[in-house]
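Reader: I would like to learn how the words used for a protein model are justified. Could you take me through them with care?

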Amino acid sequence: MIQAVSDMTRHVGWVFLGVIILLIFSNVSAEPISGWHPSAREFFDAPEAGEVKDGSAISIIPMITEDKADLNEGVNASSAEYSSEGTISPSAGEETRILVRYNTSEISILADMEIEGVALQEDLSSSLSGLVLYSTVEKNEKEAIRALSDLPGVLYAEPDYILSIDRTPNDPDLWRQWGIQNTGQVYKESNPSGNVGSDGKIPGAWDIITSSGNVIVAVLDTGIDYSHPDLKSNMWTGPSGEHGYNVITGNPDPMDDNGHGTHCAGIIGAVGNNGVGGSGIAWQTKLMAVKAIGADGKAYTSDIIKGIEYAKSAGADIISCSFGGSDNSQVLYETIAGTPALFVCAAGNQGKDNDKVPHYPSSYQLPNIIGVAATSASDTLVTTSNYGTSVHLAAPGGEMYSTALTTSGGSQYRYMTGTSQATAFVAGMASLIMSNDSSLTNQEIRTHLISHSDAIPALHGKVAANGRVNLTAVIAGFSEGGEIILHQGWNFVSVPRPLAQGKDTAKIFEKVSSGGHSLFEYIHNTGWKTLKASDQISVMTGYWVYSTKTDSISLQYDQSPDIIRKMVKGGWNTWGLPLNDPVKTKTALSPIQSIWKYVIGYDATLQQYENPILNGGSGDQSSDRLVSPYKGYWLYSAGEGELTG
């Protein structure tokens, strides 16, 4: 662990120099901020406001003191380096199972050794040399592990952890759908692999919800092949058995004669976990085919309007609009404005700035429109995608694998690229969000998608979200439990609400692949504490955790929590937002408005600190900037105060 801390210090010591430079050269008369990663220091020691040396602001010097007890504790524990002490004791009569591995060079068989109240359950040495399973109903987990660990020749003892399956469908072509999950795989023959994590973070959301229930998604497009084996069971069916409407011919047969609508429909809601092809964002949904675009890919505005009216009268909740142009139609604007559905609209494929050359309908300033740009598997904007701060979101849209009209070779799937595909991706996300919380307004859904997007450098200033969509982050914020998303490297995290009893200790982090590092908590004016599994996790507190891969921590909240209070001390404090939704910093810290000075967040996707938020600042440092749940922050205060949540 000493080596781990040393490695950590070297790795991140220079990354945050920009924070120092930012304050040295800004017109800020306040305490300077260190450029060092806080996990590499024992404590913060801030000088007085405005104190300088040689004409420059004094940085806070990192001081490292190694607590040998903390560093050595839990060496033989789980991957996150936690001691197994303090895990939840079983109820009377409940079986506790302990895995023990012994050194076969010292003992031939552990089963010969008897411990009162602990019985040998199974010899697992054929799977792993020296491994046996014990059980007890008389001792709690802590007692059993201690007794077994004290036996001579035992390498380690740990709980027989209960693992749960991930909600990953069995569709054989899922590996081609990098937008759903990108592990760096080659997702298309003869193509380079994508960037790990450049996807829309869909599997984590599937752990919570896979069906959009009764939400109806109208695909306003070239129609849908409603007989497709990966779509037919997810087709909406009207009172006369129809699956939609063809406004061009005026009949209830919306069969696709182009392929574009079928491709978009599959991204939204190809049947998931059916052992066929790929999966849509929603495994089960209600796809309404509204054919308003001809086989040549063109449509009259009047046909689009008729399509909207049909979808509205048939009860569509979401209308996916993978079309558009530069002509500003007032009637189209008014039709959309008068329709209660959420419109997810393509930003366009001209590679232009929509702030300068608007693209309609995505550029209409209406609360029920979401404009979508397209990203590639390398987490960059697709070269043909339109962009601009008037475009709300960016979503996977490059080389998207989905359902298609049957080709001469018999295939019913193909790759396509464009903001059309990104639009369908977001429409599928919106259907799950709407099903998960039917009380949300269209504007609230849009806001959640923006605020929970992953910040991506290549997308900064290209879309309002400054990043790429993250469905897991959105869904986790609405559930009875929550989810902390971990990125590869260091993460500064917090828990927004009180946790349920029995789920409120550091044990929730025990399965994180830690690379030899531990979970750290900063104790005011004392230093760093390495947490054990039995240590309580507090609300409004920042914790540093290292992960070797993109991962997540599931949280289970207390359903009737008391008011949480956090005392803010003078100097540096760690802090986290006790809410499920982002708010302005000045609002979150209003109880200590007169004394707080700085708030500094950490961007785990970039592995660097964000620009500081200053009390009464302006521009990028303004206290109007949002702070987000699940993130840890450094908070500097000039005095003592209290925050509640």
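Author: Let us start with helix H7 (residues 301-313), which lies across strand E7 (211-221), E8, strand E9 (284-291), E10 and E11, and runs at about 145° to E9. The model is a predicted one, in which local features need pLDDT of at least 70, side-chain atom pairs count only at pLDDT 80 or more, and totals for chains, interfaces and linings use all residues. Residues are numbered from 1 along each chain as its sequence is written, and side-chain values use heavy atoms, with hydrogens and water left out.

Reader: What makes 301-313 a helix and 284-291 a strand?

Author: Helices (H or I, at least four residues) and strands (E, at least two) are DSSP runs, numbered from the N terminus, and in these terms the protein chain comes to 12 helices and 32 strands.

Reader: How do you know that strand E10 pairs with strand E11?

Author: Two strands pair if DSSP finds at least two bridges between them; 4 bridges join E10 (residues 318-321) to E11 (residues 342-346), so these parallel strands count as a pair. Within this pairing, Ser 320 has Val 344 in E11 as its bridge partner.

Reader: Which strands make up the open sheet, and why are two of them called edge strands?

Author: The open sheet has 7 strands in the order E8-E9-E7-E10-E11-E12-E13, with parallel pairing. Strand E8 (244-246) and strand E13 (393-396) are its edge strands, because each pairs on one side only.

Reader: What share of the protein chain is called buried?

Author: Buried means under 20% relative accessible area (1.4 Å probe, protein chains only), and buried residues make up 55% of the 645 residues in the protein chain.

Terms used:
Buried < 20%, exposed > 50% of the residue type's maximum accessible area, 1.4 Å probe, protein only. Contact = heavy atoms within 4.5 Å. Axes fitted to C-alpha atoms, helices over the stretch in contact; angles between N-to-C directions.
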